[in-house]
Amino acid sequence: LAAGPDLVKKLETGASTNPVGRAAVLAAVDWYRVGLARPVPKPTLKRLYPAYLDDDDVAGLETATGNVAFESGLGWAEALLYETSALLTREGASLVPFAYLLDYVEDEPWSIPASTWDAALQAAKGGSEAFAIGEAALSQGVTDVAERGLRKAAAGHDSLLTAPAAFSLGKLYEGRGQEPMASRWYQEAAD
């Protein structure tokens, strides 16, 4: 973890030194922030990272070959610091952000793009991941995603998740002032 502050500095300066690499790191970090506690598959990361680029950087990508820019950005993000740590590390065909970055974003949060939430919901494996995404979205005030994730969890076949998901849906609808829907989901949680 000694490399943590220096990797954060590299990430911050990446906006000007390697925007594609920085965008890939931010997308990988957000994969965890949305509730998925597993590495992000490389093809998914490739689809997600453009949402983290500034408009000028996106325009630059259109003139360059997107794959070359992405691979170059990954090379920057995977470069070791102090021969031990990198912003991103490969785990099979997937990538994992340096753990220190997950703590860093709690102090310096940014909005998660809708495309990342959507990709996470599509990638959710079963009710437990859908529930985790729903709860993460609820805690961040992204109620449309929370509703989709929690409904998916409540509709699943995992009896341990049905009641908590239904209860969270009740809270969500109560917060929206939709009392009949809130009551319905609270009742389902109680049953």
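**Figure 1. Helix H10 in the predicted model.** Helix H10 covers residues 159-175, where helices (H or I, at least four residues) and strands (E, at least two) are DSSP runs numbered from the N terminus. The expected span of a helix is 1.5 Å times one less than its number of residues. For the 17 residues of H10 this gives 24 Å, which agrees with the 25 Å between its end C-alpha atoms. The model is predicted, so local features need pLDDT of at least 70 and side-chain atom pairs count only at pLDDT 80 or more, whereas totals for chains, interfaces and linings use all residues. Residues are numbered from 1 along each chain as its sequence is written, and side-chain values use heavy atoms, with hydrogens and water left out.

**Figure 2. Burial and ends of H10.** Leu161, Ala165, Ala166, Ser168, Leu169, Gly170, Leu172 and Tyr173 of H10 are buried; buried means under 20% relative accessible area, exposed over 50% and partly exposed in between (1.4 Å probe, protein chains only). The cover over these residues includes helix H8 (126-139), helix H9 (143-154) and helix H11 (179-190). At the N-terminal end, Asp158 acts as a cap, with a side-chain oxygen 3.0 Å from the backbone nitrogen of Leu160. Gly177, with a positive phi near 80°, follows H10.

**Figure 3. Helix H8 and its surroundings.** The 14 residues of H8 should span 20 Å at 1.5 Å a residue, and the end C-alpha atoms are indeed 20 Å apart. Its buried residues are Gly127, Glu129, Ala130, Phe131, Ile133, Gly134, Ala136 and Ala137. These buried residues pack against H2, H7, H9 and H10. Just after H8, Gly141 has a positive phi of about 75°.

**Figure 4. The pairing of H7 with H8.** The axes of helix H7 (residues 114-123) and H8 come within 9 Å and cross at roughly 155°. Axes are lines fitted to C-alpha atoms, for helices over the stretch in contact, and angles run from 0 to 180 degrees between N-to-C directions. The two helices are therefore roughly antiparallel, given that angles under 35 degrees count as roughly parallel, over 145 as roughly antiparallel, 65 to 115 as roughly perpendicular and the rest as oblique. Trp117, Ala120, Leu121 and Ala123 of H7 meet Glu129, Ile133, Ala136 and Ala137 of H8.

**Figure 5. The pairing of H1 with H2.** Helix H1 (residues 4-17) and helix H2 (residues 19-33) pack with axes 6 Å apart, at an angle of about 135°. H1 is thus oblique to H2. The contact (heavy atoms within 4.5 Å) involves Leu11, Glu12, Gly14, Ala15, Ser16 and Thr17 of H1, together with Pro19, Arg22, Val25 and Leu26 of H2.

**Figure 6. The environment of Ser85.** Ser85 lies in the loop between helix H5 (66-78) and strand S2 (88-91), and its 9% relative accessibility is why it counts as buried. Apart from neighbours within four places in sequence, Ser85 is in contact with Ala3, Leu7, Ala79, Leu80 and Phe98. The C-alpha atoms of Ser85 and Gly4 are separated by 8.4 Å, although these residues are 81 residues apart along the chain.

**Figure 7. The protein chain as a whole.** The chain has 11 helices and three strands. Its C-alpha atoms fill a box of roughly 55 × 35 × 30 Å, taken along the principal axes. Of its 191 residues, 45% count as buried.

How values were computed. Polar contact = N/O pair within 3.5 Å; in protein donor to acceptor, adjacent residues only side chain to side chain.
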